[in-house]
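Dear colleague,

I am passing on a structure for you to look at alongside the notes below. Please read the notes with the coordinates open.

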Amino acid sequence: FGRYQQRMQKHWGEWLTLTRDGDRLILFRVEATGDPNNQTQLAYVATIGVLVALLLPAVNAAREAARRTQATNHVKHLMLAMFNYEAARGEMPAHANYSDEGKPLLSWRVHILPYLDITGTGELYQQFHLDEPWDSEHNRQLIAKMPEFFRDPSSPLPVEDGRTHFMGVVGEEYFFSGGDRGRRLREVTDGLSNTVAIVQVADEAAVPWTKPEDWQPEPNNPLAGLGGLHPSIFVAGMGDGSVHSISKSINAETWRAMLTSRGGEVINR
């Protein structure tokens, strides 16, 4: 298709050229003569118009499908890293590590770097000063080194901006409980496959990836801040490592039930 486009664009430059006629700009003109070349030229332009109208939606849909697949793959890598962390330490990562004074320092996204199966993330982890906050003079310089797996591919934000679209669901009743201790898997009594761990947020809700800030649902609008990058859906990683595309029109009560880790709700699949 790319080669076809290149061939056709050469002809478009010949056939479709703007000319001025007084206060009018003319893209294409066919004289009312019996010249068969004029009719052929008109047929060419009409055919191109129809092909463009037919092909562009399909091309855009294919690109969106590819980006959504890539976003799903990113969340799968993050969930796998969290399970690798749990296998090594006996619990899921806390949403942040804390100072002796009880101040959150660096996000869980930093602490799973050694467990990501990506070249260079272990070395990046070694560069952090873990006893300093995310915005210390030293740690602030590492924000621009964010691995691409923390960014949604549909976003216009550059990776160097260091803002992540993938945030943990944080709160006492959610997968990331808050505080300096991570959940043990047996504590998720609703079932790992029924509990959302990571959500994809909009550009407006994205935060620096090292910042110990995550997503907490609003009581009156549990979908606030989600989506915005893929038509009608957002990506969510479940506690068992599976990743799903969630409709923005999902029932609010069903979504609340999927968020809690120990709510005891029955979820209608």
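What follows covers the conventions, the nonpolar cores, one histidine and a surface patch.

This is a predicted model, in which local features need pLDDT of at least 70 and side-chain atom pairs count only at pLDDT 80 or more, while totals for chains, interfaces and linings use all residues. Residues are numbered from 1 along each chain as its sequence is written, and side-chain values use heavy atoms, with hydrogens and water left out.

The largest nonpolar core (buried Ala, Val, Leu, Ile, Met, Phe, Trp, Tyr and Cys residues joined through side-chain atoms within 4.5 Å; buried is under 20% relative accessible area, exposed over 50%, with a 1.4 Å probe and protein chains only) has 33 residues, and those touching the most other members are Leu78, Met82, Leu113, Phe128, Phe150, Ile198 and Trp209. Helix H2 (36–89) and strand E7 (196–200) are among the elements that each supply at least two residues of this core (helices are DSSP runs of H or I with at least four residues, strands runs of E with at least two, numbered from the N terminus), and H2 gives the largest share, six residues. Another core, of 20 residues, lies apart from it and includes Val207 and Trp215.

Histidine 74 also belongs to helix H2, and counts as buried because its relative accessibility is 3%. Its side chain reaches the backbone oxygen of arginine 151 at 3.0 Å, and the C-alpha atoms of histidine 74 and phenylalanine 150 are 7.1 Å apart, although 76 residues separate them in sequence.

Leucine 25, in strand E2 (residues 24–26), counts as exposed at 59% relative accessibility.

Best regards

Technical notes:
A polar contact is a pair of N or O atoms within 3.5 Å; within protein, one must be able to donate a hydrogen and the other to accept it, and residues adjacent in sequence count only if both atoms are side-chain atoms.
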